[in-house]
Amino acid sequence: MDEKTLQLLEFNKVRDRLAAYAAFSASAALARDLHPLTDVKNIQERQAITSEARLLLSINDSIGLGGARDIRPQVDLAAHGGVLSASELLDVKNTLGSARDLSRSFERQKETYPNLSAIIERLQPPPGMVDAISHAISERGDVLDSASDRLANIRRELKTSHERLLSRLERLINDPNTAPMMQEGIITQRNGRYVIPLRAEFKGRIRSIVHDQSSSGATLFIEPLAVVEMNNQWHELQLAERDEERRILAELSGQVGMQAGALTELVNALADFDLALMCARYADDLHAVEPILQAIGNGKDKHPGSVLRLLEARHPLLDPQKVQSIDVDLDPQTYAVIITGPNTGGKTVTLKTVGLLCLMAQCGLHIPAQSGSVLSVFHNIYADIGDEQSIEQSLSTFSGHITNIIRILRRVDRYKLVLLDELGAGTDPQEGAALARAIVDYLVEHSITCLVATHYPELKTYAHSKAGVTNASMEFNLKTLLPTYRLTIGLPGRSNALLIAQRLGLPDDVIQSARGTLDPNELKADDMLDEIHRQRLLARRARGDADRAHYQAEKLRKELEIKLEKLEEEKLTILEQARQQAQERIEILEEELNEMRRAMQRAHLPLSELKPVLEQAEALKNEVEKPVVRRRSPKQQRSVLQPLRVGQKIRVRSLKTEAVITALDDESVEVQIGGLRMRTGVEDIQRHSDPEEETPPTPASTPSRPAGASTARPAAARTTGVTASPGIELDLRGQRAEEALELLERHLESAYVAGLPFVRVIHGKGTGKLRQAVRDAVRLSGHVSRWENGHDNEGGDGVTVVFISE
């Protein structure tokens, strides 16, 4: 891609803003080196990666690289025989740990995130390296005693030697014979050796080596000869410790160097993954969309086959609260646009917006526009925007522009996009207009997609009469004398110089004199343009009013539907209560009739007189037992044409819980709720599109859970098969971290499939390492919505309660 164009369109600023989202330096470098692609398949793959990353962040916005670092310089140093410091080896370990955690979090998600999973598959930490570094280096970056037996022995001897040395010196400064000679009863160090402060007047009274004296000369810092050998031994052990630590670090560095290729590829994969997250976060902040990208095809006549359809496009570098969106939608016959309008009216911003959005799309970035925007993939983009004058090369503004245009014309073909601002400006207007028309005609004749901003009226006429070319204008508000920054395709703009001068107070006789020198046909054309713009504005306002009225009507309709639904619910509740009361009374009546019949039998009275009453009671009972039929709401009536289907997620009204349809017939529906299957009537089924869906579902029964926990159950049936529950408790006490994390992942997967609402993970308190490993894994799991500490009666910090995603 043309570097001069990238500079003119300020693409570096886009890359810098993208780099600001980086988690570490490797991905920031990728962002700053991002260049547009020209292969449609590769661009679409990048766009798909960004879309998958946005989906991932919408589900789990905390996902990231953790403690990953760009360890490539350290790996390169180790590969060339260098020795890494403990902190550098700790960075290697943390980076490998982040890669491992990411890889685990993407297990069984390949179908959901195929492109991201391809990046994750490149995260292959060298086996054993994390354990080797963990065995030797602490989390604070210190070499551990466990790094080697020799180091452990040296440190034990060093500790003993240090204690003996200090003990001997303490006895010396506390001895009644020598204590009065001491300036202070303290032990200090000079030149790496332990010394005591002797008053200068007692010099020579204690056989010793003088290492230093105070600034006043009143104190000598001496090393008694009695402890010289102890000091030597302590210092020798320090050197031995240093050498052994260096040997351990060199050994670990050698392992890192041997795996330099794998570690470099792992960092590259982490950088690619982080770049995907950066693109996603940038797109979310821009409220961007994935564009539809097409290769340049074979157009008819001289049309290059390009497509340029940007809807509600916004400049990505301007304040989103203030920037005016534009529509650049070229019909299938148009590939060149002549933009006219007042100065500071937005012509240059329009050109930059189109150019920047094309560059962003071809980099795999989503663009700040409306969904449905379509762009061709251009093999290169050339722009001539801004002041091109150069003192060093003795070029005027006009010469600078022409030099750049000459360079562009030598390189363009139908696969390129050309953006020209103020074409022909900076010279004699007549010659400039002729030159501008000739350049545009050259581009059009050579089937080159182009957008040209100009003030020359001759180009308006040219665009009106030339096939493949159309006019466009930046609107101007004559009442406020301010531009509106709206782009209108199909209509040329006006300079409005006379109207602006008149409103600013230029005398009328001067205005009329100027109008008298203009061609009457031009004045008539300007009046017609004014009328067209006025009618267009009225039409836009009328459409806006109609849209608002439609929105209000739709909003009112939905409110009325909700009210009707509530009334229907109240009616059903009242009828159901009345039915139950009637049923209770009928039961009492039946009991009284039975008692009466038994009494008549005992009295040997005929039962024929009781028979009509019994028949009426039975009929009344049958009538009361009929279920209350729910009247269809208008929304339900509209959805009648959408039949139920096997596998569809619905809600069972009577149970007030979610289910999945497993079988259908004319009168009933078989549904699965967790591991339970049952049949129910069609009228008991509620689609998710019905208003009742807004009411949180309450499951028929759920296991007891911690106080304050939600009672909403995860999606009732994540599979159509019956899945055994793994249990709501998982005991990991006594397990190694890696084994525990594997058990945890399997248990969470089974709990998710079985529809469990939560799982209690028992890891104990101990040192806290297993607890931290479990909670780090839970944070990265795609099956978890949140977690919390166990309550006191559950084990407190020794238990983590994990809530399964719905």
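**Exercise 1. A strand and its neighbours**

In which sense do strand β11 (residues 416-421) and β12 pair, and over how many bridges? Work it out, then describe the surroundings of β12.

*Solution.* Keep in mind that this is a predicted model.

- Step 1: Start with the pairing. β11 and β12 run in the parallel sense, and 5 bridges link them. To see one of these positions, find Val418, whose bridge partner in β12 is Cys450.
- Step 2: Now look for another partner. Strand β8 (residues 336-340) also pairs with β12 in the parallel sense, over 4 bridges. Here Ile338 has Val452 of β12 as its bridge partner.
- Step 3: Check the side chains. Thr449, Leu451 and Ala453 point one way from β12, while Cys450 and Val452 point the other way.
- Step 4: Draw the conclusion. Since 5 of the 5 residues of β12 (residues 449-453) are buried, this strand is largely enclosed by the rest of the structure.

**Exercise 2. One leucine**

Is Leu375 buried or exposed? Place this residue in the fold and list what it touches.

*Solution.*

- Step 1: Locate the residue. Leu375 sits in strand β9 (residues 374-376).
- Step 2: Apply the cut-off. Buried means under 20% relative accessible area. Leu375 has a relative accessible area of 0%, so it is buried.
- Step 3: Collect the contacts. Leaving aside residues up to four places away in sequence, Leu375 touches Ile292, Leu293, Gln294, Val307, Leu308, Leu310, Leu357, Cys358, Ala361 and Ile367.
- Step 4: Add a distance. Val354 lies 21 residues from Leu375 along the chain, and their C-alpha atoms are separated by 9.9 Å.

**Exercise 3. Two helix crossings**

How are helices α2 and α11 oriented to each other? Do the same for α5 and α10, then sort the contact residues by class.

*Solution.*

- Step 1: Take the angle. The axes of α2 (residues 11-19) and α11 (residues 260-286) cross at roughly 105° and come within 9 Å. The two helices are therefore roughly perpendicular to each other.
- Step 2: Name the contact. From α2 come Val14, Arg17, Leu18 and Ala19, and from α11 come Leu275, Met278, Cys279 and Tyr282. By class, this gives 7 nonpolar, no polar and 1 charged.
- Step 3: Move to the other pair. Helix α5 (residues 72-79) packs against helix α10 (residues 228-258) at an angle of about 105°, with the axes 7 Å apart. That makes α5 roughly perpendicular to α10.
- Step 4: Name this contact too. Val75, Ala78 and Ala79 of α5 meet Ser253, Val256 and Gly257 of α10. The classes here are 4 nonpolar, 2 polar and no charged residues.

**Exercise 4. A sheet and its helix**

In what order do the 4 strands of the open sheet that includes β20 lie? Find its edges and the helix that packs on it.

*Solution.*

- Step 1: Read the order, which is β20-β21-β23-β22, with mixed pairing.
- Step 2: Find the edges. β20 (729-731) and β22 (784-789) each pair on one side only.
- Step 3: Add the twist. Neighbouring strands of the sheet are turned by 20° against each other on average, direction ignored.
- Step 4: Bring in the helix. α22 (residues 769-780) packs on the sheet and touches β21, β22 and β23. Its direction makes about 155° with that of β22.
- Step 5: Inspect one pair. β21 (residues 758-762) and β23 (residues 799-804) run antiparallel and are joined by 5 bridges. Val761 stands opposite Thr800 in β23.

Terms used
Residues numbered from 1 in each chain as written. Predicted model: local features only at pLDDT ≥ 70, side-chain atom pairs only at ≥ 80, totals over all residues. Heavy atoms only, no water. Pairing = 2+ DSSP bridges. Axes fitted to C-alpha atoms, helices over the stretch in contact; angles between N-to-C directions. Contact = heavy atoms within 4.5 Å. Parallel < 35°, antiparallel > 145°, perpendicular 65-115°, else oblique. Nonpolar A, V, L, I, M, F, W, Y, C, P; charged D, E, K, R; others polar. Buried < 20%, exposed > 50% of the residue type's maximum accessible area, 1.4 Å probe, protein only.
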